[in-house]
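Colleague: Could you take me through a close look at one helix pair in this model, and then show how the surrounding parts fit together? I would enjoy one connected account.

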Amino acid sequence: MAKNRLHSFLSHIVDIKPGEEIISLLLFFYFFLITAPFTIIKSIREAAFLENLSPKYLPYAYATALVVAIVVAFHSKLQIKIRRHLLISSSLFFFILTALFFWFLFPSGEKANTKWLLVAFWMWANLFVVVLVTQFWILVNDVFNPREAKRLIGFFGSGGILGGIFGGLTTTILAKLNVSNKSLLLIASGILFLCVFGVNYIFVWQRKRQILSVEETRIYTSVGKEPQKVGFKDCFDTVRKDYYLKLLAAVVIVTGIVSIFIDWQSKSIVYEANPFGGKLTIFFGLFNTGSLIFAFLFQFFMTSKIIKRYGIRFALLLYPLILFLLSLGIAIWPILAFAVTIKASDKSLSFSINQSARELLYIPVSPDIKYKAKIFIDMFLNRFADSLGALILVIVFFFYFSIQILIPIVSFVSVLFILGWVVLNLKVSKEYTNTVKQKLEMKWERGDRAVAEKMDIDYTKLVFDTLESKNRSSILYAMHLFDLIKQDKLTPELRKLISYKSDEMKVSSLGALFESQDTTLFPETEDFIDDKALEKDVKEIMSLDVYQELMRGYFDKTITDESKEAVTARMELAKAIGLMESHSPLVQKLEELLQDESPEVSKYAIESAANLRKKEYIPALVRKLQNPLTREDAISALEKYGQKIEGTLADYLGDTEENSELRKAVTSILAYIGTQDAADFLCWELAEDRGDMDSELIDALDRIRSEKPVVQFPEEAVKSKIFKEIKKHYQIFIQLYESSSESKNESRRKALERNLTFSLMNIFKLLGVVYPHEDIARAYQNIRAGTKNSVAYAVELLDNILHKEMRDILLPIIEDISLEERVQRCQSLLKSSPIFKETA
Amino acid sequence: MKISTREKNDILIFDIEGEIRRSDITDITLHQLVKDQLDTGKRNILLNFQNVEFIDSFGVGEILASYISTHNLGGKLKIAKISKKLYLVFQVTMLTKVFEIFDEEDLALDSFFKG
């Protein structure tokens, strides 16, 4: 009951699912209790520094980040020996105790701080934030998959920002009340102490959860896992060997350098302006509060919307592009208001959209690699970037001494780095999609392709026909052997197979060449059969006028004979005609055999028609598509005609008066032919929106797309069809939902379920025509037959490769949402989406 | 040819009797029967060949078409209890590369759950 109320309350704030409430709240407060003391410490640090030293010393303070990086490297070694729970708790205690140590060292009253204490405090504050925040995000990354994280990351981020606001306000108010920096530090350590309890509760709760629900291990167990045994070098090697991680590392370095430039510019202007009569703790307290309120509002109202609506690429580009414009601005107008604007933008966007997007980038990385990479990138490289930024500043300072001149110079250097940052972000977003893709295995390929890759269907059928004819007709048998010899496929294995129980056979004519009196069928054939000579002999005999004349008489007699034996004779004739030259008189007679009522005679006639490929056979072959007994043979024969019959086939396809099975078979043949024209004909027919052949037409397009990537498809027409299919899917889904309450309608419900399955398949096949085919196939297969996690990755992949308009209407039918919510979204989109209005 | 169906653990078994050949088909083909079952949502199909004496090229086409239709929907079609002679033909024609073939029905049924 209480849980339901909590869920109901939280669902107003965040897109949360049942079971996620407690862990989400705990993580929210965990982050809050880290950022609140940090903001107090940061305000004290910056005010104390500028009150005692000039901005020209700032690069040296920034450079202490390198020491932090080295300490972090040592810290990562510590993790080898300590479990995660213990590591986080002991880190918190370490920072509480060291805060008390600084409190002890800080001078009371108006006494100035010593340089070394200011620099050491600066460095310690850096260490504080890098260790604790990284530990927090590692925990979040382990606990949630990309889709869950995408929903909740904004909520956690808000916790951090709210903590910062709380810390900033506390600083401002207490500083105004003349509470000293020293006392503020004591308050910060007190808040951090509360965090110890929060973290402890997270791990206790997780352990309970693990015991209660073994099934839900994916979400909850990773927290309680033993820590991985990784050292700093291992972390460094992990990043060095992975292109994606190297890109992430490069982005972090450039981001850090630009932030240092901006920080120095803004602090220099603050130093010059000296606001609040030199009481800089109040200024920094206010500034931190204001910028965090902005960050909070941005995070709360914008971050998730931007990421969901425009995708991760846009989210990654927004931050550098805003800084690009502001850096140009401050170069021209270096006043306090601009300094506050650029620093607040940097801070707010870094805390909100950049942090969220960057964490999302880590999600598809496997947990062990991610863990190592985050240690190196977030804990070490981030600090290293600050030092690098400081070094660049020191170099720039070497040439210019006046702060007024240095500010625009630093701006232009910033702009150059930001341009590099934009390029890196574009590369990262592309690699992100590839990394998500790697998470999705291809579960099956098209059946026809799988079969074609593994075997030769024509050869297989010939072997079966040979075996079948062995007991039926020695003539057919001989002709099949002749076919095998011609195709050079009479392998030793096949010879043995054919000779199996060969004594049952009484062969004559050509077959006798291969048979002996013994059980072995081909005792000496290899010595005297010359394949080419045999073929030539057969052709010559069949071309003889006298042979044609004689056979004509035999044909006329056989065709009118209605006895049972005559069927075999007609089969032999049909097969024999296929061996003749196409100009032979008897070839004209094949049409009559194509009309034969016996499917067996038809089979051989169809096969011969495929060999001769005369256009007069086409109508008869097309008719054979209607009969299931001759359909496959007719399809195979017409496929052999190839692209020269595309137009004819298209006529049949477009003729709605024709038999529907015939037209379906025609789509299959056009798909096999797979030329640009064939694809165009299929698309035109699909655009007619007749509905009766949609599944076959869509399957045909899918086949062409998978086998002939060079073929182009009319994108707009296909997309329009996708919209219609999605609309249809919505409607079926709503009907199914409504019918689920009517128990008597079981058969209707099953029919709707079936339609829903096929409709989803059609949607994805069409998507594969206009988007990367393999990616779409991977996504579809994992949605249909994957685990909850692979479904989430599939949706994430689609989220990144589909256009917005497509994404908006497709995701509601595949995302992991409740039935009621899906129905609601489908109904709402059916009413409001302009896409559906257009398709209507 | 006679075909009857039964179901075990969500696996549909087709017991085929006789010869799968063009001349023996009366009203409905094996492929059509398989497609009908796929339409109802079945995805795991086992062809029991215990009483299949012979198949011709039409029969091969039917089995292959059934395999393709099943495979395209992410399903599995396997064969059990095939005769030695037919198995030999399947081997020579490399049909054994396409189909998973089992000596015993139970082994075939188990294999559906082993991925």
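**A helix pair and its surroundings**

Modeller: Happy to! In this predicted model, helix α17 of chain A passes helix α23 of chain A in a left-handed crossing. Helix α17(A) covers residues 474–486 and α23(A) covers residues 564–577; their axes are 9 Å apart and the packing angle is about 25°. Since angles under 35 degrees count as roughly parallel, α17(A) and α23(A) are therefore roughly parallel to each other. On the α17(A) side, the contact is made by I475(A), L476(A) and M479(A), which meet M571(A), E572(A), K575(A) and A576(A) of α23(A). Sorted by character, the residues of this contact are five nonpolar, no polar and two charged.

A second pair in chain A makes a good companion. Helix α10(A), residues 243–273, and helix α13(A), residues 367–399, have axes that come within 8 Å and cross at roughly 40°. That angle makes α10(A) oblique to α13(A). Here the crossing is right-handed. From α10(A), the contact residues include L245(A), L248(A), V252(A), I253(A), F261(A) and W264(A), while α13(A) offers, among them, A373(A), I377(A), L381(A), N382(A), D386(A) and L393(A). The contact of α10(A) with α13(A) divides into 17 nonpolar residues, three polar and one charged.

Stepping back to the whole chain, the domain assignment splits chain A into domain 1 (18–438), domain 2 (441–523), domain 3 (524–707) and domain 4 (716–839). The C-alpha centres of domains 3 and 4 of chain A lie 40 Å apart, and their contact takes 11 residues from domain 3 and nine residues from domain 4. On the domain 3 side, α30 (676–687) and α31 (694–707) of chain A are the elements giving two or more residues. Of these, α31(A) gives the most, with eight residues. That side of domain 3 consists of five nonpolar, two polar and four charged residues.

Finally, the contact between the chains draws 33 residues from chain A and 31 residues from chain B. Several helices of chain A give two or more residues to its side, including α15 (447–454), α16 (457–470), α25 (599–612) and α33 (746–770). The most comes from α16(A), with nine residues. The side of chain A that touches chain B has 16 nonpolar residues, three polar and 14 charged.

How values were computed
Residues are numbered from 1 along each chain as its sequence is written. Chains are lettered from A and ligands numbered from 1 in the order in which they are written. This is a predicted model: local features need pLDDT of at least 70, side-chain atom pairs count only at pLDDT 80 or more; totals for chains, interfaces and linings use all residues. Axes are lines fitted to C-alpha atoms, for helices over the stretch in contact, and angles run from 0 to 180 degrees between N-to-C directions. Helices (H or I, at least four residues) and strands (E, at least two) are DSSP runs, numbered from the N terminus. Angles under 35 degrees count as roughly parallel, over 145 as roughly antiparallel, 65 to 115 as roughly perpendicular and the rest as oblique. A crossing is left-handed if the near helix is turned anticlockwise from the far one by less than a right angle, and right-handed if clockwise. Two residues are in contact if their C-beta atoms, placed from the backbone, lie within 7 Å. Ala, Val, Leu, Ile, Met, Phe, Trp, Tyr, Cys and Pro count as nonpolar, Asp, Glu, Lys and Arg as charged, and the others, Gly among them, as polar. Domain bounds come from an automatic or database domain assignment.
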